[in-house]
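Please open the structure in a viewer and keep the selection tool at hand. The tour moves from one selection to the next and states what is found at each stop.

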Amino acid sequence: MIALTRRRWRLARFILILLVIELLDELVFGIREAAWPLIRDDLGLTYAQVGILLSLPSFLANFIEPVLGILGDVWRRRILVLGGGAVFALALLMVAFSESFGLLLAAFILFNPASGAFVGLAQAALMDHDPERHEQNMARWTFAGSIGVSGGPLLLGVGIALGLGWRGLYLLLALATVVLMVAASRYSFPNGTDSQAEDEGPAGFREGVRDALEALRRREVLRWLTLLEFSDFMLDILLGYLALYMVDVAGVSEAQAGIAVAVWAVVGLVGDLLIIPLLERVRGLTYLRVSVVIELILYPAFLLVEPYVVKLVILGLLGFFNAGWYSILQAQLYSAMPGQSGTVMAVHSVFGLVASLSPLMIGLAAEQVGLNSAMWLLLVGPVALMIGLPRRKENRDS
């Protein structure tokens, strides 16, 4: 009995570490998104350069992450996670000391695949923990990330008040990553199939590649991959340009833009918390259909209204009703590929090669027609979800 209790506590601590890894990753993201006006002014960046910083690292990472994902299923996942954490910390240090666009771009290029190994395979480990509850565990994962996203702008404000600036915060995040790596090093990160995959070597990797290519030919897998990419228009892509939009189009101060990012993140955090018990009572896809319609109404209203306070209210509602989009769609992808949690990361990366250029396209459009007009392009996300989500009858038959 005592041994069973100890195993449960050890498993609970392991799950907590996995969730904190996601929290840290999204904290880095939240600080960066709120700090874009400061970074832009500090380094003298253009919209096109911001678009490159948002797109090119993700595009290049999509060539590396498939290998990491497949290895996560057929090789030593623990080594990949800890190695990714080390490079993650190094990339944060590089960001902190970047003095030019080129150096910052190099840091971001290094950071993305490191996050894939450190964070992506941690997510795979969480999915392997209970394959029957993908939606619920992905909701918990997303909630942990939302804490990071919402805490990022707040932490940036504190850092500025204390004189640390965005650079000082990145140094602290690098230190936090090292501490988290030490904690994670006590656990084994077993592969999803719990087989002798760690000893299979090249033969196991070749089989993993074949499995990934086979998955990319399946209609169900392609559906969830496509919808995941389109959902990002109302998630990370919108957040990536939000602070710049508030300063350059809405005409508010950098501090007010930071408040807007914080409102988005904090209200989204509440939504991500409430979605956890909701998914115990309501099917995820049923909720998703309703929230997509609401977003299609709210987003044009956000772009059209002018008063700052009204924009904040609508922005908060946008952040609230897109809660669950990523967790539900990603859970559907995991469920469509049982026993291949690392390969999920691989196929997602392969499929995301073109999608990773979306922020760049928004940046280039902003250079040509202005950021205000370019922001309307983000509506393609909820429109695609409305078209692509399975109908109720189709969902019952599947």
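Does Asp248 count as buried, partly exposed or exposed? Select Asp248 in this predicted model: at 32% relative accessibility, the residue counts as partly exposed, because buried means under 20% and exposed means over 50%.

**First stop: Arg40 and Asp248**

Add Arg40 to the selection. The side chains of Arg40 and Asp248 form a salt bridge, with 3.4 Å from N to O. Arg40 belongs to helix H1 and Asp248 to helix H9 (residues 236-248), so this pair ties together parts that are 208 residues apart in sequence. Unlike its partner, which is partly exposed, Arg40 is buried, with a relative accessible area of 15%. Now include Asp41 as well: Arg40, Asp41 and Asp248 are linked in a network of salt bridges.

**Second stop: two further salt bridges**

The count of salt bridges comes to 10. Select Arg77 and Asp73, whose side chains meet in one of them at 3.2 Å, N to O. Arg77 is buried, with a relative accessible area of 0%, and Asp73 also counts as buried, at 9%.

Next, select Arg217 and Glu214, where the salt bridge has an N to O distance of 2.8 Å. Here Arg217 counts as exposed at 58% relative accessibility, while Glu214 is partly exposed at 41%.

**Third stop: aromatic rings**

How many aromatic pairs does a search of the whole structure find? The search gives 11. Begin with Trp36 and Phe108: their ring centres are 6.4 Å apart and their planes stand at 90°, so the pair is edge-to-face. Trp36 lies in helix H1 (residues 2-43) and Phe108 in helix H4 (residues 101-129), so that the pair links distant parts of the chain, 72 residues apart. Both Trp36 and Phe108 are buried.

Select Phe88 and Phe111 next. With ring centres 4.7 Å apart and planes at 45°, this pair is tilted. The pair joins helix H3 (residues 77-96), which holds Phe88, to helix H4, which holds Phe111, across 23 residues. Phe88 and Phe111 are both buried.

Return to Phe108 and add Arg32, which lies over the face of that ring at 5.2 Å from its centre. A second such arrangement can be seen by selecting Arg223 and Trp224: the charged end of Arg223 sits over the ring of Trp224, 5.9 Å from its centre. Then select Phe14, Tyr187 and Phe189, which form one aromatic cluster.

**Fourth stop: Phe118**

Phe118 is another residue of helix H4. Phe118 is buried, with a relative accessible area of 0%. Select Leu80 together with Phe118: the two are 38 residues apart along the chain, and their C-alpha atoms are separated by 7.2 Å.

**Fifth stop: the surface**

Select Leu155, Val158, Leu162, Leu164 and Leu172, which make a nonpolar surface patch of about 440 Å². Leu172 is located in helix H6 (residues 165-184) and is partly exposed, with a relative accessible area of 47%.

**Last stop: the whole chain**

Finally, select the entire chain, which has 18 helices and zero strands. Its radius of gyration is 20 Å, close to the 21 Å that the globule rule gives for 398 residues, so the chain is as compact as a globular protein of that length. The C-alpha trace spans about 60 × 50 × 40 Å along its principal axes. Of the 398 residues, 55% are buried.

Note on methods: Residues numbered from 1 in each chain as written. Predicted model: local features only at pLDDT ≥ 70, side-chain atom pairs only at ≥ 80, totals over all residues. Heavy atoms only, no water. Phe/Tyr/Trp six-rings, centres within 6.5 Å; stacked < 30°, edge-to-face > 60°. Helix = DSSP H or I, 4+ residues; strand = E, 2+ residues; numbered from the N terminus. Buried < 20%, exposed > 50% of the residue type's maximum accessible area, 1.4 Å probe, protein only. Lys NZ or Arg CZ within 6 Å of the ring centre and 35° of its normal. Patch = residues over 30% accessible without salt bridge, like charges linked within 9 Å, V, L, I, M, F, W, Y side chains within 5 Å. Areas by Shrake-Rupley, 256 points an atom, 1.4 Å probe, with all protein chains shown as cover. Salt bridge = Lys/Arg side-chain N within 4 Å of Asp/Glu carboxyl O. Rg over C-alpha atoms; globule rule 2.2 N^0.38 Å.
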